[in-house]
Amino acid sequence: MFSTSSNKKIGLIDSGIGGLSVYQSLAETLPHFSYIYLADYAYHPYGTLSEEDLSSRVISLGQNFVKKFSLDILVIACNTASTITLQKLRNKLSIPVIGVVPAIKPAAENSKSGLIGLLATKATSKNPYTKNLIEKYAPNCQVISVGSHLLVQWAEAKIWTQNDPPQHNQGSLPPSLAIVKRELQDILLHEEVDMIVLGCTHFPFIKEELQSFFSVGVQLLDSGAAIAKRLQEMTGHLPRQTPKKTKTLAVFTANPNPNINFTDLEKRLKERFHIEELKLWQGEIENKTAKHLPTLHSFNPTNASKIL
């Protein structure tokens with residue numbers, strides 16, 4: 001039987017910063033747990049990997065992550081990775097594994113027009129798992145899917161450059177926003193859309209900017225609250241109990257921005273997400289060669305204690 005002790009270590013995995021939107025929901029609702037966030041920048045972004053490479057990487061990474069940090073629960077804080085590897089990881093691990101999948105069900109339940117937009121990575125939008133979610137929970141709705149890697153890059157840039165994307169105003173659009181508008185065009189063409197599912201954990205970080213392209217009556221849904229509710233049900237804990245003084249650790253497998261040094265990365269995580277410590281982890285993960293991976297940059301942290 002699963003223990004309901006409050007001394008839980010919750011691990012979260014994503015290829016980048018996106019899964020921290022899930023972490024924020026968990027930490028706000030259940031602050032008494034210990035959280036360890038793993039950003040796999042060595043294979044970022046997961047949404048552009050082949051299914052074979054992604055599956056191999058996440059399964060290997062997940063097993064090593066659970067073992068090294070003695071995790072009690074693992075959260076795959078990435079829609080793409082969840083739709084491809086969730087069941088495989090559950091078969092491999094002895095601890096509970098929670099996945100993040102597009103919020104199709106609540107969107108269909110709350111849509112009045114029956115017209116729903118889905119913003120995700122191309123991998124998630126085309127995945128059979130996502131298609132099954134739509135067939136199961138939104139059989140009477142029309143779902144317009146947009147797969148975009150550009151929006152992932154936009155969210156990453158917002159976090160690591162500390163520059164908010166320019167706001168959408170009337171009149172001509174700056175080139176960057178004109179490109180974003182083209183990305184959203186398939187949904188924008190349907191004025192009856194009243195629900196938009198944010199099917200990538202990066203997208204809550206640009207939710208305000210995305211909302212500016214749509215009318216005020218269009219609701220943007222993400223999965224953060226649902227994952228917090230699932231964790232609460234699984235552990236038997238009430239939300240917002242008196243928090244313990246536990247340290248939240250972030251672990252990166254590569255540097256997301258070679259123009260930012262290790263100390264500054266750690267500072268930004270503390271300021272934006274209240275994460276106390278950042279470490280680099282490279283040595284104990286099975287690094288199978290994936291096709292078409294970008295050139296990666298090491299941290300070269302000055303403090304050797306920051307390397308796991």
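Is Val143 buried or exposed? Hi everyone, let me start there. What we have on screen is a predicted model, so please keep that in mind throughout. In this model Val143 has a relative accessibility of 19%, and the cut-off for buried is under 20%, so Val143 counts as buried.

Where does Val143 lie? It belongs to strand β6, which covers residues 142-147. Setting aside neighbours within four places in sequence, Val143 is in contact with Ile116, Leu118, Ile134 and Ala138. There is also a pair for those of you who like distances: Val143 and Val193 are 50 residues apart along the chain, and their C-alpha atoms are separated by 9.1 Å.

Now let's turn to a sheet. This one is open, has six strands, and pairs them in parallel in the order β4-β3-β1-β2-β9-β10. Why do β4 and β10 each have one side without a neighbour in the sheet? Because β4, residues 97-99, and β10, residues 277-280, stand at the edges, each with a single partner strand. From one strand to the next, the twist averages 20°.

Let me zoom in on the β10 edge. Strand β9, residues 249-252, runs parallel to β10, and four bridges join the two. If you want a residue to click on, Phe252 stands opposite Leu280 in β10.

Next come the helices that go with this sheet. Helix α3, residues 79-92, packs on the sheet and touches β3, residues 73-76, as well as β4. The direction of α3 makes about 165° with that of β4. Helix α11, residues 224-235, lies across β1 (9-14), β2 (34-39), β3 and β4, and it runs at about 160° to β4.

That brings me to the pocket, which I suspect some of you have been waiting for. What is the volume of the largest pocket? About 690 Å³. The largest pocket is lined by 25 residues, and the closest to its centre are Gly99, Val101, Ala226, Ile227 and Arg230. The elements giving two or more residues to this lining are α3, β4, α4 (104-110), α6 (128-137) and α11. Which element gives the largest share? That would be α11, with six residues. As for chemistry, the lining divides into 16 nonpolar, two polar and seven charged residues.

So, to pull one thread together: helix α11 lies across four strands that include β4, and α11 also provides the largest share of the pocket lining. Thanks for listening, and I'm happy to go back to any view you like.

Notes. Residues numbered from 1 in each chain as written. Predicted model: local features only at pLDDT ≥ 70, side-chain atom pairs only at ≥ 80, totals over all residues. Heavy atoms only, no water. Buried < 20%, exposed > 50% of the residue type's maximum accessible area, 1.4 Å probe, protein only. Contact = heavy atoms within 4.5 Å. Pairing = 2+ DSSP bridges. Axes fitted to C-alpha atoms, helices over the stretch in contact; angles between N-to-C directions. 1 Å grid on protein atoms, 1.4 Å probe; cavity = no way out; pocket = protein on both sides within 12 Å on 5 of 7 lines; lining within 4 Å. Points joined across faces, edges and corners; volume = space filled by probe spheres on them. Nonpolar A, V, L, I, M, F, W, Y, C, P; charged D, E, K, R; others polar.
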